[in-house]
Amino acid sequence: MTDESWGQVRDELRKAVGKNNFTSWIEPLKLVRLADGTASFEVPTKFMRDWVSRNFAEQIRLYLEKAGEHVERVELHVATTKGAPKARPAPQWTRPAQAAASANDDLPGAPLDSRFTFDSFVVGKPNELAHAAARRVAEGGRVDFNPLFLYGGVGLGKTHLMHAIAHELQTRQPHLRVLYLSAEQFMYRFVQALREKEIMGFKEMFRSVDVLMVDDVQFIAGKDSTQEEFFHTFNALVDQNKQIVISADRAPGEIKDLEERIKSRLQCGLVVDLHPTDYELRLGILQQKAEYYRGKYSDLKLANGVLEFLAHRITTNVRVLEGALTRLFAFASLVGREITLELAQDCLADVLRASDRKVTIEEIQRKVAEHYNIRLSDMIGPKRVRTIARPRQVAMYLAKTLTTRSLPDIGRRFGGRDHTTIMHGIRKVEELKATDGQLAEDIDLLRRLLEG
Ligand code: ADP
Ligand code: MG
């Protein structure tokens, strides 16, 4: 296969998997051989090899076949270049555990929450990749991707994962200087350094770390000189091959008032999103928490079905979910009663009501129209051109998946359309979602906006 035709296959793949996935996973692949039904690729790291082979190998195979190649297998090999030399030699002795933190003593990091460890992080489909990437960084070995950019809605575990990385690094690689802080604290330190004419010290300090983690980076959007300083710090560390981990509440490209050059820098590494929790993940988290509370309130009984009920009803975010359980146990212990469904309903009435706030079809239509830049009236109107019909179908799909409305009911709200038309629209979107990465991303984003 020629470079050119591989280039065309890559273009197809870019459309299929979406831009972020493409940059992270497909672009770095080097096609080294295609013969006897086997396509061999070189990948830079073991982590990438595993992820690509699990998630993209089949798609790559399909698109190669579509381009007229005969491919039965896709093989991935880790490129055998020597790892970059470490800037700081590993210490010749093992420091006693107590002295471990001393590598970071002079750093103005935020305190770490001792509960936020990998052990206490429940892994499910929605956070699987974020977790795997965080684990990878926590090994403190070669820098595979820089930065690791974690994003997702409130309470989905970004801070938890960052703290877990810091904890893990402190035990595994106590000589590394690990700095974790929020973007707000970064700004605060910077302003303070300016005021006290300590800017050199500030720069030196930030450039002396091995791992820098900045939480909630969206905070510095629109804050010009802080952004500028952040940009320089970021570049200096990347140049020294030091690991950076960033979190934000949305993808780099979607952060308003963030300088373009910063956006593009942030996209250079691995961009991973934490998806909204699903039922299984919520139940897993509740079970883990309940286990902890059973130890704490050993005389309390927990009736069957309570955790399932909560996982089903509280879908907003993990923080709310945890808070609900904490309150439930505290309340039950106070009144000395078994935790039953009724008790839960009583004690958590307000939380349950709040998460009952359902998305309406009107909201969906409005957001989708905004997103695709079409008129709201076209959502219900008769126009059938693709540029309008497609967004309309997306809205139908979201109406079906985010609300409990029936098809005829949805039909009525889309200008009195028949329920079979709605069904057709939904099917169409489901079909397209599987092959059109951009559409899948759009839907993901809209869903987040609507549920957020
Ligand atoms: P974010 O920074 O994304 O807003 P946090 O990391 O602060 O969210 O998480 C909010 C709360 O939910 C924390 O108490 C955290 O421990 C918990 N949490 C989130 N995701 C998980 C998970 N997968 N397993 C266990 N706890 C979780
Ligand atoms: Mg956070």
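**Ligand 1 and its surroundings**

Reader: Which residue offers a polar backbone atom 3.1 Å from an oxygen atom of ligand 1?
Author: This is a predicted model. A polar contact needs N or O atoms within 3.5 Å. At 3.1 Å from an oxygen atom of ligand 1, the backbone atom belongs to Gly-157.

Reader: What is the distance from an oxygen atom of ligand 1 to an N or O atom in the side chain of Lys-158?
Author: The Lys-158 partner is a side-chain N or O atom. On the ligand side, an oxygen atom takes part, and the distance is 2.8 Å.

Reader: How much of the exposed area of ligand 1 does the protein bury?
Author: Start from the ligand taken alone, which exposes 560 Å². Of that area, the protein buries 93%.

Reader: Which side chain has an N or O atom 3.3 Å from a nitrogen atom of ligand 1?
Author: Here the ligand atom is a nitrogen. The protein atom sits in a side chain, that of Asn-127.

Reader: How many residues surround ligand 1?
Author: The closest are Val-122, Gly-155, Thr-159, His-160 and Glu-322. By class, the shell has seven nonpolar, seven polar and three charged residues. The count of surrounding residues is 17.

Reader: Which helices each supply at least two residues of the shell around ligand 1?
Author: Look at domains too. Domain 2 (125–273) and domain 3 (279–355) each give the shell at least three residues. The helices that each supply at least two are H6 (158–172) and H13 (318–335).

Reader: Where does the space taken by ligand 1 rank among the pockets?
Author: The ligand takes up the space of a pocket. Its rank by size is second largest.

Reader: What is omega for the peptide bond from Asn-146 to Pro-147?
Author: Pro-147 lies in the loop between helix H5 (128–138) and strand E4 (148–151). Most peptide bonds are trans. The bond from Asn-146 to Pro-147 is cis, with omega near -5°.

Reader: What separates the centres of domain 3 and domain 4?
Author: The assignment places domain 3 at 279–355 and domain 4 at 361–451. Taken over C-alpha atoms, their centres are separated by 35 Å.

How values were computed:
Residues numbered from 1 in each chain as written. Chains lettered and ligands numbered in written order. Predicted model: local features only at pLDDT ≥ 70, side-chain atom pairs only at ≥ 80, totals over all residues. Heavy atoms only, no water. Near = heavy atom within 4 Å. Polar contact = N/O pair within 3.5 Å; in protein donor to acceptor, adjacent residues only side chain to side chain. Areas by Shrake-Rupley, 256 points an atom, 1.4 Å probe, with all protein chains shown as cover. 1 Å grid on protein atoms, 1.4 Å probe; cavity = no way out; pocket = protein on both sides within 12 Å on 5 of 7 lines; lining within 4 Å. Sits in = over half its atoms within 2 Å of the grid points. Helix = DSSP H or I, 4+ residues; strand = E, 2+ residues; numbered from the N terminus. Nonpolar A, V, L, I, M, F, W, Y, C, P; charged D, E, K, R; others polar. Domains from an automatic or database assignment.
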